[in-house]
Amino acid sequence: MNHANAELISHFYRAFQQLDAEAMAACYAEQVRFSDPVFVDLRGAATADMWRMLAARAQEFSLTFDQVQADESEGRARWVARYLFSQTGRHVVNRIEARFLFRDGRIIEHHDSFDLWRWSRQALGSRACCWAGRRRCSRPSAARRCRGWRSSGRAARAGLPRCAAGAVVISVPRAFIQDRRSRQGCAVR
C-alpha cells in the first residue's frame, strides 16, 4: 500500500489535471516554499496564487504524472505538462522532476526542476528575455520590448514580472546564462 504522502502527491496532480488550483493549494502547508527555474522562491500564499494564475490562463492543457514515491518526510514524482503558452500562442511540452518535503500531512516544500532552456525556446521563441541580477542576456529586440518592465497585482504576488510588449522576464542564475549563451547567440554583459 502507498504511503499517505504518496497519495497526497497523487491527489495534488489529479487536481492539477482538472486545473483545480484550490484543491492543489489545500495540499500545501500554510508556510510552503515552492521553487522552479521560473518561479524561483515562492512562499506561503504566493505559491497558491501562482497555481491559480496558471490554472486560469491554461489553454489546451493536459498533464500526466508517474513514478510517485514518498515516505514520512520526503517524496518525488515525474510529470509532463502539455499546453499552449498564452502569452505567445506557442505549444509547450514540459518534462518536470518534482521533489517534496512533508510536515503534518501537508507539503511544506515543493521543488520542480526542468530544462529552462528547452522550456523558454518552446514557450517564448525569439521573445525570450533572460535576466540574471543586473546582467542581461537577450537579443536586442527582446531587450527593447522589456524596457517597459513592470510587475503589479496578482502577477507580482505570484512572482511573475510582466514586460510592456508581452515578453516575459525570467530570473535565472548567472551560471545558467553562461552555460547556455552560445546556444542563445549572445554574450553575457
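Leaving aside its neighbours within four places in sequence, which residues is Thr47 in contact with? In this predicted model, the contacts of Thr47 outside that sequence window are Tyr28, Val32, Phe34 and Leu42. Thr47 itself lies in helix H3, which covers residues 45-57, and because its relative accessibility is 0%, under the 20% limit, Thr47 counts as buried.

**Salt bridges**

Side chains of opposite charge can pair when their charged atoms come close. The structure holds five salt bridges, and the table lists some of them, with the N to O distance for each pair.

| Residue pair | N to O distance |
|---|---|
| Asp41 and Arg33 | 3.2 Å |
| Arg43 and Asp41 | 3.1 Å |
| Arg78 and Asp66 | 3.4 Å |

Asp41 takes part in two of these pairings, with Arg33 as its partner in one and Arg43 in the other. As for solvent access, Asp41 is partly exposed at 40% relative accessibility, Arg33 is partly exposed at 32%, and Arg43, with a relative accessible area of 48%, is partly exposed as well.

The salt bridge between Arg78 and Asp66 links distant parts of the chain, since Arg78 belongs to strand E4 (residues 74-85) and Asp66 to strand E3 (residues 62-70), with the two residues 12 apart in sequence. Arg78 has a relative accessibility of 33% and therefore counts as partly exposed, while Asp66, at 36%, is partly exposed too. Elsewhere, Glu22, Asp49 and Arg52 are joined into one network by salt bridges that share partners.

**Strand pairing and hairpins**

Strand E4 runs antiparallel to strand E5 (residues 90-103), and 12 bridges join the two. Within this pairing, Ala81 stands opposite Asn94 of E5. The two strands form a hairpin with four residues between them, and in its turn Gly89 has a positive phi of about 75°.

Strand E5 is also joined to strand E6 (residues 106-113), again in an antiparallel arrangement, through seven bridges. Here Glu97 has Ser113 in E6 as its bridge partner. The hairpin of E5 and E6 has two residues between the strands, and Asp104 in this hairpin takes a positive phi near 55°. E5 thus has antiparallel pairings with both E4 and E6. In a regular strand, the side chains alternate between the two faces of the sheet.

Technical notes: Residues numbered from 1 in each chain as written. Predicted model: local features only at pLDDT ≥ 70, side-chain atom pairs only at ≥ 80, totals over all residues. Heavy atoms only, no water. Buried < 20%, exposed > 50% of the residue type's maximum accessible area, 1.4 Å probe, protein only. Contact = heavy atoms within 4.5 Å. Salt bridge = Lys/Arg side-chain N within 4 Å of Asp/Glu carboxyl O. Pairing = 2+ DSSP bridges.
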